[in-house]
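User: I have a model open and would like a close look at one part of it. Could you walk me through that part and then place it in its surroundings?

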Amino acid sequence: MKNGRLGLLLIAVSILVISLMVWLLHAHQLRVHRDQVRILGVTLVRALSGAALAQLVPESGGSSLLNTLISVQRSDAYAYGVVLTKSGTKVFENVAPGSIVPAADIPPADPSAWFGEHTLTSPGDDREIREFFGPVLQRGELAGFVRVGFYARPQSALLGSDTPYASAMALLVLLFTTLPYLLFRRELRPLFQITSRLSEIEQSYGGLTTDVLPGGGMRDFMQRFDQFTQVMQTKVRDQEEQRLAAQTTSQLLAYKQKKMDAIFDAIPEALLVIDESSTPSYANLKIESLLGVSRKEVIGISPQQWCSNKEVLALLIRLRSHGGPVLNACSLVYVPEEHSDRKISAVAYPLSSPNAQTKMQGMLIVFRDISEEQQARQAGVEFVAHVAHELKTPLSGISAYSELLFDYAGLDEKTRVTAVNAIHEEAVHAAALINNLLNISKLETGALSIHTKRVNMSDLLREAAENMRTNAAARNVSLVLDIAPDLSSAKLDKDMIRIAIDNLLGNAFKYSNPGGTVTLRAENLDDLQMKISVRDQGIGISPEDCAKVFDKYYRSGDNEVATRSGHGLGLFLVKQIVEMHYGTISVSSELGKWTEFTIQFHTQTQELDASATA
Amino acid sequence: MNAKRILIADDEPHVLRVIELFLRREGYEIEAVRDGQQALESILRRPPDLLITDVNMPRMTGTALCLELKKQLPGREFRIIVITSMAESEPRELVADMPGVSFIEKPLSMRSLVAMLAKLFATSPAKGTSSDA
């Protein structure tokens, strides 16, 4: 708009300048015309005044001097020439075509007024006429007057002779005004475009109060540009602050993410999160050890490409085939192909969408290695079977002997004594087994504590050996005691140590072959240490089994062992008792030949008590 | 009098002794051994009219003894009573196809055993199985 106004202004100025030029030219031409008319009029009147009346008014057939001079002059401004008598009677006239001779007074009698000029108006078209007059003399006497009229103004406003000049000037003026304007406009166009663009940007940001300056142009541009730069500075500063805030938030989130990852990686279970299309979106570190694939091989990759187990794959793609509403948690237990000795449980929990609880957005699958759990459960089941079996053996003896005593009143004394002794021994045997069970139960619940007092170890060992005599004789196994004569006493829990010794001796007899020997040996290593060992000449223990004999419920898979009753608790209990006395137990053996269990502990337990209570 | 001869194999001395005492009183001729190996040797030497065996024994289990008899004396029918506990399902499965094998549960009731023997010997013409020894 402003650009357009400038253009109009320039055009108006150009027209004004051209008009002024035309007016000046017109005025100049008028002045020149008048001067020419005066010169011509005065010259013509002087020439005619000097002529005789007869020359002016010829006889019939002659030519007037007036006509001759007029034809010689040939002026476009010429209107008329008239010869008058003194009384004012027109005696000759030469009138240009279209002109009418206006009326005029006869000059006064004073000769000084005989020559003169004045302005008249043409009666036909009201044109201004400059008339020149002079006397016509006849032998020195006034004979009449001559009047010559010329149009004071040219016929046309501008004379044709000046038109090329005027046109050239007008063209120059136009060129000098429009050309710079066009150039200016062309050069400024980008500026206007930028201004317009700035205006749009400002509007798009909203709230910007940019008043359009009247006239626009450079000032408008500068103001807009200034505002724009201010706005941009503010925006850039805001953006920078937002960027820093976002960066801080991002770092904080990354830290939290790492922390959560560390927590999830520490969980013993493998975690896998899948989305609606069954594609994993998260997996913790344990996925590698349980599924045998790394996180990189799993995340974002369809299960068909990495899951070789059909059962697991079916669980993973269940969601995709199901779609929509929330599924119930489901689980499976499988044996991985590459580890047939392991069992893994996979439980899938639905993850419902936060916006729609009834719609699922994925599943969390928890993989857990349940091999040890299953083994422990199996061991527990076997243990119960063993214990039941173990209890049935003494009960069989008790039951059978009781029936013997009942049914045969006339038994001889020897048989009766044998029966009663047998019942007693079997009852003791069952009680010992039950005691072992109770003690282990107490151990596991932390209810078992030791009460130490000074014990004569030699007596304790001899009592234990004596108790085994019947058992030894029944199995045809010899029992040899090798107790050092100077064996010291020891401060310990007598009942507990007796349980340990009984278990070791019981095992030695159980795994001896008929005709073998069991040796119970005890000696002081120094003033503080005592060593007790039980050695048999039985079936022996393989090196692999030696490493496990003290484990709870452990029973060798060896056939020889399987044929002998046992519950896998005795040696476990012995080890616990020895360790409660801060002692050690070890086993050495040669398969098929012999086995020796050795206990070693402190005899002076005051310090140990102190350290135990410390 | 031609008393029935019974071989008893059990590694538990008290159990072995009481069965022996009891059955002698019932009029049977008894031989008692401590393990499966001794039992096998005794049977091969002189087959008894009936074998009573425990399952868990040193050197040779009761089940292994049964299978060994089936292998070494094919076609020969034995009367065998296996003393077992309910926890042991294996012996029953292993010797299920052997004719003449019965089971008695622990804890052992001597009255049940005596009744079982009486029934076995009453219904069976097994007397004289040792005649070819």
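In what sense, and over how many bridges, do strand 1 (residues 5-9) of chain B and strand 3 (residues 50-54) of chain B pair?

Analyst: Happy to take you through it. Please keep in mind that this is a predicted model. Strand 1 and strand 3 of chain B pair in the parallel sense, over four bridges. One residue pair to look for is Ile6(B), whose bridge partner in strand 3 of chain B is Leu50(B).

Now widen the view to the sheet. These two strands belong to an open sheet of five strands in chain B, ordered 2-1-3-4-5, with parallel pairing. At its edges are strand 2 (29-33) and strand 5 (101-105) of chain B, each pairing on one side only. From one strand to the next, the twist averages 20 degrees.

Two helices are worth finding against this sheet. Helix 1 of chain B packs on the sheet and touches strand 1, strand 2 and strand 3 of chain B. The direction of helix 1 makes about 175 degrees with that of strand 2 of chain B. Helix 5 (residues 110-123) of chain B lies across strand 3, strand 4 (80-84) and strand 5 of chain B, and it runs at about 165 degrees to strand 5.

The chain as a whole fits around this picture. Chain B has five helices and five strands, and from the N terminus on its elements run β-α-β-α-β-α-β-α-β-α. Of the 133 residues in chain B, 46% are buried. Among contacts in chain B with a separation of 6 or more, 60% come from residues 24 or more positions apart.

Helix 1 of chain B also leads us to the other chain. The axes of helix 1 (residues 13-25) of chain B and helix 9 (residues 413-445) of chain A come within 11 Å and cross at roughly 145 degrees. The crossing of helix 9 of chain A past helix 1 of chain B is left-handed. On the chain B side, the contact is made by His14(B), Arg17(B), Val18(B) and Leu21(B); helix 9 of chain A brings Thr415(A), Ala422(A), Glu425(A) and Glu426(A). By class, this contact has three nonpolar, two polar and three charged residues.

That helix pair is part of a broader contact, in which 25 residues of chain A touch 23 residues of chain B. On the chain A side, the elements that give two or more residues are helix 8 (371-407), helix 9 and helix 11 (469-475). Helix 8 of chain A gives the most, with 13 residues. By class, the chain A side has 10 nonpolar, nine polar and six charged residues.

Following helix 9 into chain A brings you to helix 15 (residues 570-580) of chain A, which is mostly covered: eight of its 11 residues are buried. Those residues are Gly570(A), Leu571(A), Phe572(A), Leu573(A), Val574(A), Lys575(A), Ile577(A) and Val578(A). What covers them includes helix 9, helix 12 (494-510), strand 16 (584-590) and strand 17 (594-602) of chain A. After helix 15 comes Tyr582(A), whose phi is positive, near 60 degrees.

Chain A has a five-stranded sheet too, and you may like to set it beside the one we started with. This open sheet has the order 7-6-10-9-8, with antiparallel pairing. Its edge strands are strand 7 (280-283) and strand 8 (330-334) of chain A. Neighbouring strands here are turned by 20 degrees against each other on average, direction ignored. Strand 6 (residues 270-275) and strand 7 of chain A pair in the antiparallel sense over three bridges, and Ile274(A) has Pro280(A) as its bridge partner in strand 7.

One more stop in chain A is Leu65(A), in helix 3 (residues 65-73). Leu65(A) counts as buried because 22 other C-beta atoms lie within 10 Å. Beyond its neighbours within four places in sequence, Leu65(A) is in contact with Leu48(A), Ala51(A), Gln55(A) and Leu56(A). For Ala51(A), 14 residues away along the chain, the C-alpha separation from Leu65(A) is 8.0 Å.

Finally, the overall figures for chain A: its secondary structure comes to 16 helices and 17 strands, and 24% of its 614 residues are buried. Of the contacts in chain A between residues at least 6 apart in sequence, 58% join residues at least 24 apart.

Technical notes:
Residues numbered from 1 in each chain as written. Chains lettered and ligands numbered in written order. Predicted model: local features only at pLDDT ≥ 70, side-chain atom pairs only at ≥ 80, totals over all residues. Axes fitted to C-alpha atoms, helices over the stretch in contact; angles between N-to-C directions. Left-handed = near helix turned anticlockwise from the far one by under 90°. Contact = placed C-beta atoms within 7 Å. Nonpolar A, V, L, I, M, F, W, Y, C, P; charged D, E, K, R; others polar. Pairing = 2+ DSSP bridges. Buried ≥ 20, exposed ≤ 12 C-beta atoms within 10 Å, placed from the backbone.
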